[in-house]
Amino acid sequence: MSTPPVRSSSQATAVTRDRGDACPGTLRLHAADDGALARVRVPGGVLTVRQAEALAEAARRLGDGDLHLTSRGNVQLRGLADGCGGALAEALDAAGLLPSPAHERVRNIVASPLSGLDGRGLRDVRPWLSGLDDALCASEAARELSGRFLFALDDGRGDVSALDADVTLRAEADGRARLSLGTAAEALSVSGEDAPRAALTAAETFLAAAREGGSRVWRVAELPLPDGLFPLVRDRLAATGIEAVSRPRTATGPGPAEGPPPGAVGEALSVHAPLGRLTAPQWRELTALASTTARRELRLTPWRGVVVPVPGLGEERAADALARLSGTGLVTDPASPWLRVGACIGRPGCAKSLADVRADATTHLDAARHGGGLPLYWSGCERRCGHPRGERVDVVAVPDGGYRLSRTAPGHDPRTAPLEDASRLATALEEITS
């Protein structure tokens, strides 16, 4: 199916928010139908074993016992009891998961999960991650960022640079970093050493531009003239002594962003959590594996997976570990249809949901193989919370008890079809993706 070009950011519709950002965090809980919800920011998805154990204990003691991964590599705790906010904050602070209470909702950073582990990236972005998180927490201005503002640190492979972040750093072959803003076609090349400071400067410039323009916006794309932010950032970098050279934005390709495949990948093991839900036994198996390694860490991915760095991983050890992880229900097969299927929380967790979309997604899992390789995302209502970026097929619950299918591509009108009977999903997918 031929499609016209995607709109540039200068053609995007400006947004003015008429209320404050209610995005949940660790200190600001959200009331859901299944109890309170906390969203714990995990910059770059990186957790030490100690932090992973603290999250599991908090979920067991205060919530529903599971850990729920988000599309930004963060963790949500659900089913929290009323009045547990103080105990939750104390537990997470003791584990080092709350380094700055004033910044806890703005530490939204995704990073290439396999960086430094499989030899594919142009550089290990861990120093960028540490540098940016430290700078972010030290910035008074950054406290005003929305909980939806996103930074992406790409090691050059092009994975997280395709996630529509507000500020993206992408490693270049010459050791420099390409800094891009939203979907703007132009970018800035800065030295690798200056990259974290440049990313923070770009975010602070966004805040200043929004304030001076009288706009209440949460994302770069929501500015009345988002492309106009580029020269402001360039001038501010120069004023702070950071040399920046204008360059075209690096292409990320037309397809959806791809995360690490399940299995042994370089010096790591990668698994996928169906619908982003990690049970206590699954989490224990992952943390037990991580505790036997020199790094003693886990990396949560924006594709609702987990990467465990295992230096010196041998074939026999990898096979044994993957078998144990698979035995808990985690996905270790790169051909699994779960890699293409996602869903919002649905009923009974969300009052706005019209269906138990997770149960339906599980029942009709094999139908996803008929979707032409596109992601298949089930939503309980028109808000489509948590849907993936890029081209996909949305399965949206409608008031009459059925669903509506939409083949969605950025910049194009969706192609839709009714789905009154979910048992016909495979046939409907073939029709809408042909």
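## Exercises on a sheet edge and unpaired cysteines

Leucine 278 in E14 is the bridge partner of leucine 67. This is a predicted model, in which local features need pLDDT of at least 70 and side-chain atom pairs count only at pLDDT 80 or more, while totals for chains, interfaces and linings use all residues. Residues are numbered from 1 along each chain as its sequence is written, and side-chain values use heavy atoms, leaving out hydrogens and water.

**Exercise 1.** Work out which strands stand at the edges of the sheet.

*Solution.* Start with the pair around leucine 67: strand E4 (residues 67-69) and E14 are antiparallel, joined over two bridges. Strands (E) are DSSP runs of at least two residues and helices (H or I) of at least four, numbered from the N terminus; two strands pair if DSSP finds at least two bridges between them. Next, write out the open sheet: five strands, antiparallel in pairing, in the order E1-E2-E5-E4-E14. Strand E1 (30-32) and strand E14 (277-278) stand at the edges; each has a single partner strand, so one side of each lacks a neighbour in the sheet.

**Exercise 2.** Find how many disulfides there are, and decide whether cysteine 344 is buried or exposed.

*Solution.* Apply the rule first: a disulfide is a pair of cysteine sulfur atoms within 2.5 Å. The count comes to zero. Cysteine 23, for instance, is in no disulfide, and its nearest cysteine sulfur, in cysteine 385, is 11 Å away. For cysteine 344, the closest cysteine sulfur belongs to cysteine 381 at 6.5 Å, too far for a bond. Finally, check accessibility: buried means under 20% relative accessible area, exposed over 50%, and partly exposed in between (1.4 Å probe, protein chains only). Cysteine 344, at 13%, is therefore buried.
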